[in-house]
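Okay, thanks for squeezing me in today. Let me put the model up and walk you through a few spots.

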Amino acid sequence: MIDLKDNVTLITGGGSGIGRETCLAFTKAGAIVVVVDIDVEGGEKTVSLIEKLGGESIFIEADVSKSSDVENYVNKTMEKYGRIDTFFNNAGITGPSCPIHEYPEDMFDKVVAINMKGVFLGLKYVLAVMIKQGSGSIINTSSTSGMKGYVNLCAYSSTKHAVVGLTRISAGEVAQTGVRVNAICPGPVDTGLIERLASGTGRTAEEQAEIKKRISLVSTPRGRFADVNEVARVVIFLASNYSEFINGAVLPIDAGITAI
Ligand SMILES: NC(=O)c1ccc[n+]([C@@H]2O[C@H](COP(=O)([O-])OP(=O)(O)OC[C@H]3O[C@@H](n4cnc5c(N)ncnc54)[C@H](O)[C@@H]3O)[C@@H](O)[C@H]2O)c1
């Protein structure tokens, strides 16, 4: 098992799904985990789960699309722990599923604000700290939809492409500083995000179950969703010294979706 004892790890979207599972996996690896989320209840629940495991954690409420909130979660982490070793820049939303000519402009703006600007702001404020430290690993959450176009998800898929761009650009900018920036591209993982995508508006329980089944069977060659842990383990690897020479990588976690 990878040892991340006392690694100060900041995780956005830590209040549920992939973010929460990654918080717990880092705790088990010995890290101190700062949980960031817009959802106070979810974030505090994650902290209580971490404490049950005997780990150390604090929760900081933030909307990742707001500059002042991002500056605040970075400042508070620095005040409390004095450094940031790992940053999992992970919070995101899907937005609605419909073709571009029907896509609501306000929802497009919202998805861009959270998925693209939120990742940019996280990089902006955390990189300033890590460059000064001369060390640190950042993992941005893109998606398989950041590697190929997903129809009916124009805002989601294009913002996840933007996360790939931001990863490559920042990795180049910090290549000689001791800091690394990589992106993960999970295929479908059975979290609240998929649940909300399947529920849409006015669908029956049977229709929702059918959509989930279709997503899992059609979109992964293994015929199943990824487990949240299968994602968390890759994040741990990218945070650790085992990935020391990996910078600017865009890593699918998708059982081969993007390869074939
Ligand atoms: N579930 C999947 O199939 C899948 C696949 C590929 C990529 N992803 C990506 O993984 C990341 C995590 O998704 P998940 O599946 O765990 O979904 P999730 O909905 O369970 O978790 C997302 C978390 O982000 C938080 N969040 C949303 N908007 C926020 C904001 N403005 N500020 C701060 N926090 C905010 C939510 O409260 C929630 O806790 C997202 O970036 C998503 O796009 C998910």
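So, Val-33 stands opposite Ser-57 in β3. That's part of a pairing between strand β2, residues 32–37, and strand β3, residues 57–61, which run in the parallel sense over 5 bridges. To get from β2 to β3 the chain goes through helix α2, residues 40–52, and that β-α-β crossover is right-handed. Keep in mind that this is a predicted model.

Next, the ligand. How many residues surround the ligand? There are 29, and the closest are Gly-13, Gly-17, Gly-92, Thr-191 and Leu-193. Two helices, α1 (17–28) and α6 (192–199), each supply at least two residues of that shell. If you sort the shell by class, you get 12 nonpolar, 14 polar and 3 charged residues.

Now helix α8, residues 228–239. With 12 residues, α8 reaches 17 Å from its first C-alpha to its last, close to the 16 Å expected at 1.5 Å a residue. A good number of you like to know what's tucked away, so here goes: the buried residues in α8 include Val-228, Val-231, Ala-232, Val-235 and Ala-239. What covers the buried residues of α8? Among the elements doing that are β1 (8–12), α1, β4 (86–89), β5 (136–141), β6 (179–186) and β7.

Last stop, Ala-259, in the segment after β7 (250–253). Buried or exposed, and why? Ala-259 is exposed, because it has just 8 other C-beta atoms within 10 Å, and the cut-off for exposed is 12 or fewer. From Ala-259 to Arg-224 is 35 residues in sequence and 17 Å in space, C-alpha to C-alpha.

Terms used: Residues numbered from 1 in each chain as written. Predicted model: local features only at pLDDT ≥ 70, side-chain atom pairs only at ≥ 80, totals over all residues. Near = placed C-beta within 6 Å. Helix = DSSP H or I, 4+ residues; strand = E, 2+ residues; numbered from the N terminus. Nonpolar A, V, L, I, M, F, W, Y, C, P; charged D, E, K, R; others polar. Buried ≥ 20, exposed ≤ 12 C-beta atoms within 10 Å, placed from the backbone. Pairing = 2+ DSSP bridges. Right-handed = clockwise from strand over helix to strand, strands pointing away. Expected span 1.5 Å × (residues − 1). Contact = placed C-beta atoms within 7 Å.
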